[in-house]
Amino acid sequence: MFIIKILAFDQALIKTGVCTLDGDAVYHSLIDLSKVKNADERRTTVRQMIQSRIKTNAPDLVVIEDVALQTSAKTVIQLAQLQGAIIGACELFNVSYEILKPSEWRKELGFKQGRQIKRPELKQQAIDYVAEHYKETVSSDEADAMCIATAARLRLGNKITQEDKNYD
């Protein structure tokens with residue numbers, strides 16, 4: 001079996017979920033900056049902490065969630081800037097990266113989606129998925145990161161299997 005070390009982020013400006021899948025090992029954490037009131041300091045700190053995780057973990061692949069439409073244009077811009085910083089860190093440390101839309105990783109894991117499914121229910125589905133598949137109780141941000149990493153691994157496994165079939 002092909003083993004790849006995946007580092008996934010559910011990046012945000014206040015609480016960022018982090019997950020590393022390395023073979024059968026699963027590591028998860030939360031970068032919680034809710035006590036940092038200054039927005040500029042929070043942005044700088046989360047960027048530095050994410051970049052440090054990429055450098056320290058030396059993953060084969062970093063997976064981040066694409067920026068989704070927000071109620072505030074300012075928030076969209078800040079999240080896009082953070083996404084750019086993550087991409088820049090990946091390029092700096094020569095690490096491949098993939099950006100998954102929320103709908104893509106949720107579809108890969110069989111989540112119920114659509115206009116009638118609201119954000120709290122989507123978050124709960126991630127928490128429930130982690131509880132069922134990893135036997136852990138985690139925050140919604142950690143659950144999202146774990147689900148993003150899992151979906152990326154499944155997609156990669158499916159891609160490798162398809163490529164193997166094409167060579168047969």
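Here is an informal walk through this structure, from the whole chain down to a handful of residues. One thing to keep in mind from the start is that this is a predicted model.

Let's begin with the overall layout. The chain folds into five helices and five strands. Reading from the N terminus, you meet them in the order β-β-β-α-β-α-β-α-α-α. The chain has a radius of gyration of 16 Å, close to the 15 Å that the globule rule gives for 168 residues, so it is as compact as a globular protein of that length. If you draw a box along the principal axes, the C-alpha atoms fill roughly 55 × 40 × 30 Å.

How much of the chain is tucked away? Buried residues account for 39% of the 168 residues. As for the outside, the chain exposes about 9,800 Å², and carbon and sulfur atoms supply 50% of that area. Charges come into the picture too: there are 23 positive and 23 negative side chains, with the centres of the two sets 7 Å apart. Then there is the question of which parts of the sequence meet. Take the contacts between residues at least 6 apart in sequence, and 58% of them join residues at least 24 apart.

Now zoom in on helix α2, which covers residues 73–92. At 1.5 Å a residue, its 20 residues should span 28 Å, and the end C-alpha atoms are 28 Å apart, so the two values agree. Several of the residues in α2 are buried, among them Gln 78, Leu 79, Leu 82, Ala 85, Ile 86 and Ala 89. There is a handy rule for reading a list like that: an α-helix has 3.6 residues a turn, so residues three or four places apart point the same way. What covers the buried residues of α2? The cover includes helix α1 (39–57) and the strands β4 (61–65) and β5 (96–100).

Ile 86 makes a good example from this helix. Ile 86 sits in α2, and it counts as buried because its relative accessibility is 1%, below the 20% cut-off. Setting aside neighbours within four places in sequence, Ile 86 is in contact with Gln 11, Ile 50, Ile 54, Val 62 and Ile 64. Ala 25 is another matter: Ile 86 and Ala 25 are 61 residues apart along the chain, and their C-alpha atoms are separated by 23 Å.

Arg 47, in helix α1, shows the α1 and α2 meeting from the other side. Not counting residues up to four places away in sequence, Arg 47 touches Leu 82 and Ala 85, both of which are among the buried residues of α2. Arg 47 itself has 31% relative accessibility, so it counts as partly exposed. From Arg 47 to Val 67 you travel 20 residues in sequence and 15 Å in space, C-alpha to C-alpha.

The loops are worth a stop as well. Between α1 and β4 you find Ala 58, whose phi is near 45 degrees, a positive value in a residue other than glycine. Ala 58 has a relative accessible area of 52%, so it is exposed. A little further on, Asn 94 lies in the loop between α2 and β5. Asn 94 also has a positive phi, near 55 degrees, in a residue other than glycine. With a relative accessible area of 71%, Asn 94 is exposed. The loop between β4 and α2 holds Thr 71, which counts as exposed because its relative accessibility is 88%. Thr 71 and Lys 112 are 41 residues apart along the chain, with 23 Å between their C-alpha atoms.

Our last stop is helix α5 (residues 140–167), the home of Cys 147. Is Cys 147 buried or exposed? At 0% relative accessibility, it counts as buried. Leaving aside neighbours within four places in sequence, Cys 147 is in contact with Trp 105, Leu 109, Phe 111, Ala 126, Tyr 129 and Val 130. Finally, look back towards the start of the sequence: Cys 147 and Phe 9 are 138 residues apart in sequence, yet 9.9 Å apart in space, C-alpha to C-alpha.

Note on methods:
Residues numbered from 1 in each chain as written. Predicted model: local features only at pLDDT ≥ 70, side-chain atom pairs only at ≥ 80, totals over all residues. Heavy atoms only, no water. Helix = DSSP H or I, 4+ residues; strand = E, 2+ residues; numbered from the N terminus. Rg over C-alpha atoms; globule rule 2.2 N^0.38 Å. Buried < 20%, exposed > 50% of the residue type's maximum accessible area, 1.4 Å probe, protein only. Contact = heavy atoms within 4.5 Å. Areas by Shrake-Rupley, 256 points an atom, 1.4 Å probe, with all protein chains shown as cover. Lys, Arg positive; Asp, Glu negative; His and termini not counted. Charge placed at Lys NZ, Arg CZ, Asp CG, Glu CD. Expected span 1.5 Å × (residues − 1).
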